[in-house]
Amino acid sequence: MDKLSPVKQITRGIVRILGLNPGPFTLEGTNTYLFGEGERRVLVDTGDGEQPGYFDLLKQCLGTSRIDRILLTHWHADHIGGVNRLLAMPELVTSSCAVYKNKTPATDDQDNVKAHLALAISQNRLYNIVDMQTFEVGDVRLQATYTPGHTDDHMAFIVTNNNADVAVDERLLVTGDLVLGRGTTIVYNLQQYMSSLDRVLGIRPTMLLPGHGPIISGSKDDTPNAVRVIEGYIAHRNMREQQIIAVLASSPPNAPPIPRNGGWRLEEVTSAVYTDITDPRIIIAAQNNTRLHLNKLLFEGRVNTDGDLWMFVN
């Protein structure tokens, strides 16, 4: 795993601060982003709240400034876990610091989410984020972009910077866990997720500020690497979908249940597509991924089900 610097100045008025919580799902840790140069700043995501060194890094970056607004990309603990602790630290936040999150009952009603946001809720500091809502801090403008799929409440943020030192055509995108700096992300609703990828591809960002992993910048043959990565995510999912369709369109194994009527079991589709996987843990993950694709195809009317059998619709 490559080592990321704990603090990185991205452009003027934008700093990445690593959450110091490395792991198999968080990579080097959760990336949080501090915006602005004045006395009042905006923070996107808060880490998991369990790393004292993270709050020391925030203090170093803030100096005498304070965080006035906290924007949350989604409900996962490694992104919202630091909210309670931050709101209780007057050396880091203003007395009126507000917390913004896309409010979704399916996620917000969970006990662990309520616990992580307890102080913001009890002090009436928790506000909703709606699609296309804007937040300005100095020369930096963040526009919320609803991007469900990883979670129901997921928000990305389009960042523009009017500072004279920043190129006018820079289009930064804080991706949360929609797109990572390395590898692929966990998906809960593939149909929504693909729509979200298409949406952010239309932005044509020049830089991705992911929730985990390195920042994606630069270009090749006049195409931003940020765009190439999003296109790669879409191409990978489309390739897997075509493989699944090809399997369903072929004759199923001669095994119970009989008659098959052209139907395949989930485990059989997975084995036919992921032919090189033997680790039981990875097989389970592959089956979950196959199920996501099958549910998307079912939603689109391209497959049918009969009990535990999946059938391609010609």
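**Reading strands, turns and surfaces**

Mentor: Let's begin with one pair: the bridge partner of Val303 in S17 is Phe312. This is a predicted model, where local features need pLDDT of at least 70, side-chain atom pairs count only at pLDDT 80 or more, and totals for chains, interfaces and linings use all residues. Residues are numbered from 1 along each chain as its sequence is written, and side-chain values use heavy atoms, with hydrogens and water left out.

Trainee: In what sense do strand S16 and S17 pair, and over how many bridges?

Mentor: Two strands count as paired if DSSP finds at least two bridges between them. Strands are DSSP runs of E with at least two residues, helices are runs of H or I with at least four, and both are numbered from the N terminus. Here S16 (residues 303-306) and S17 pair in the antiparallel sense, over four bridges. They form a hairpin with two residues between them, and Gly307 in the turn has a positive phi of about 65 degrees.

Trainee: Which residues other than glycine have a positive phi?

Mentor: Asn124 is one of them, with phi near 55 degrees; Met132 is another, with phi near 75 degrees. Asn124 sits in the loop between helix H6 (118-122) and strand S7 (126-128), while Met132 belongs to the loop between S7 and S8.

Trainee: Is Asn124 buried or exposed?

Mentor: Buried means under 20% relative accessible area, exposed means over 50%, and partly exposed lies in between, using a 1.4 Å probe and protein chains only. Asn124, at 62%, is exposed, and Met132, at 42%, is partly exposed.

Trainee: How are the strands of the open sheet ordered?

Mentor: The order is S8-S9-S10-S11-S12, five strands with mixed pairing. S8 (134-137) and S12 (207-210) are the edge strands; each has a single partner, so one side of each lacks a neighbour in the sheet. Within the sheet, S9 (residues 140-146) and S10 (residues 155-161) pair in the antiparallel sense over seven bridges. In that pairing, Tyr146 stands opposite Met155 in S10.

Trainee: What do the buried residues of helix H9 pack against?

Mentor: Packing is read through contact, meaning heavy atoms within 4.5 Å. The buried residues of H9 (residues 266-273) are Leu266, Glu268, Val269, Thr270 and Val273. They pack against helix H8 (225-248), strand S15 (264-265), helix H10 (280-299) and S17 (309-312). That brings us back to the strand that holds Phe312.

Trainee: Which peptide bonds are cis?

Mentor: Look for omega near 0 degrees: the bond from Pro256 to Pro257 is cis, and the bond from Ile258 to Pro259 is cis as well. Pro257 lies in the loop between H8 and S15, and Pro259 is placed in that loop too.

Trainee: Where is Lys3, and how accessible is the residue?

Mentor: Lys3 lies in the segment before strand S1 (7-11). Its relative accessibility is 79%, so Lys3 counts as exposed. Its C-alpha atom is separated by 33 Å from that of Ala120, 117 residues apart along the chain.
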